[in-house]
Amino acid sequence: MTTNPKLHSDRFSLIPIQDTVDSNRHLIEMMQDSRVQRYITGAAFTDEQVTAGLERFHRLNNVNGQGFWLIYDSEDNCVGMCLLKPMPTKEETGNIETGYWLKPAYWGQGIAAEVAARLIEYAFVDLDLPRVTAVVDDQNIASAKSLLRAGLLREGTIIAYDTELPFYQLHRDQYFAKTSA
């Protein structure tokens, strides 16, 4: 299994998660924080859900250049996690989604939009993906705004994670048209 590359944005380093105590500690912290999980699962993970969640993170990581990255600031503080992975839908869509979890101390600083934009660039430039997608809870207005700032466009709704959710996407040609302008 190959390891996803380290990525960098203007302010952050995106470090691929690893099955290590330090990496897992940050993931567990976010899984068990009800504020982080409010719009994702609705509640903090139980211990059993944490075990299953860590297994899922590591199983889905480093597949075709996709997976999960911890987000570190210039002072080496882990501020959250971001992802680029297949979107779980009932029908096969081929949708690859970007997303993020941020620790509450770092909310409202433009981090989500910045790291999503960096993953979008990686998806199109390095992985040659045809499109990048995302979903959000319809009550999570801040996250929806972050997706728009990252360049994704609202395109109705989709059933993902067994729920009808607002759907965002950006096609490769749209990305390159914006970046070459």
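Gln66 is buried, with a relative accessible area of 8%; here buried means under 20% relative accessible area, exposed over 50%, and partly exposed in between, using a 1.4 Å probe and protein chains only. The residue sits in the loop between helix 3 (47–60) and strand 3 (67–72). Helices (H or I, at least four residues) and strands (E, at least two) are DSSP runs, numbered from the N terminus. Setting aside neighbours within four places in sequence, Gln66 is in contact with Asn4, Leu60, Asn61, Leu84, Lys85, Pro86, Ile96, Leu127 and Leu129, where contact means heavy atoms within 4.5 Å.

A word on the model: it is predicted, local features need pLDDT of at least 70, side-chain atom pairs count only at pLDDT 80 or more, and totals for chains, interfaces and linings use all residues. Residues are numbered from 1 along each chain as its sequence is written, and side-chain values use heavy atoms, with hydrogens and water left out.

**Loops and backbone angles**

The loop that holds Gln66 also holds Asn62. Asn62 counts as buried, at 12% relative accessibility. Most residues other than glycine have a negative phi. The table gathers three residues with positive phi values.

| Residue | Place | Phi |
|---|---|---|
| Asn62 | loop between helix 3 and strand 3 | near 60° |
| Asp128 | loop between helix 4 and strand 6 | near 60° |
| Gly151 | just after helix 5 | about 110° |

**Two helices, each with a buried face**

In helix 1 (residues 21–31), the buried residues are Ser23, Asn24, His26, Leu27, Met30 and Met31. Looking down the axis of helix 1, these buried residues fall within an arc of 160°, so they line one face of the helix. The arc is that of the directions from the helix axis to the C-beta atoms. The cover over the buried residues of helix 1 includes helix 2, helix 3, strand 3, strand 4 and strand 5.

Helix 5 can be viewed in the same way. Which of its residues are buried? They are Ser143, Ala144, Ser146 and Leu147. Seen down the axis of helix 5, its buried residues fall within an arc of 160°, so they too line one face of the helix. Strand 5, helix 4, strand 6 and strand 8 are included in what covers the buried residues of helix 5. On the other side of helix 5, Ile141, Ala142 and Arg149 are exposed. Arg149 has a relative accessible area of 55%, and its C-alpha is 8.2 Å from that of Ala117, although the two are 32 residues apart in sequence.

**A link from strand 1**

His8 belongs to strand 1 (residues 7–8) and is partly exposed, at 47% relative accessibility. Apart from neighbours within four places in sequence, His8 is in contact with Ser13 and Arg118. His8 and Arg118 are 110 residues apart in sequence, yet 7.5 Å apart in space, C-alpha to C-alpha.

**The nonpolar cores**

In soluble globular proteins, nonpolar side chains tend to be buried together. A nonpolar core is a set of buried Ala, Val, Leu, Ile, Met, Phe, Trp, Tyr and Cys residues joined through side-chain atoms within 4.5 Å. Of the 32 residues in the largest nonpolar core, those that touch the most other members are Leu14, Trp69, Ile71, Cys82, Ile111, Ile120 and Leu152. At least two residues of this core come from each of strand 3, strand 4, strand 5, helix 4, strand 6, helix 5 and strand 8. Helix 4 supplies the largest share of this core, nine residues. Another core lies apart from it, with 16 residues, among them Ile17, Met31, Phe57 and Trp101.

**The largest pocket**

How much space lies in the largest pocket? About 1200 Å³. Pockets are found on a 1 Å grid over the protein atoms alone, as an open set of points where a 1.4 Å probe fits, with protein on both sides within 12 Å along at least five of seven lines; lining residues have an atom within 4 Å of a point. Grid points are joined across faces, edges and corners, and the volume is the space filled by probe spheres set on the points.

Of the 44 residues that line the largest pocket, Tyr39, Ile40, Tyr100, Trp101 and Asn140 are the closest to its centre. Strand 5 gives the most to this lining, with six residues. The lining of the largest pocket divides into 27 nonpolar, ten polar and seven charged residues. In this count, Ala, Val, Leu, Ile, Met, Phe, Trp, Tyr, Cys and Pro are nonpolar, Asp, Glu, Lys and Arg are charged, and the others, Gly among them, are polar.
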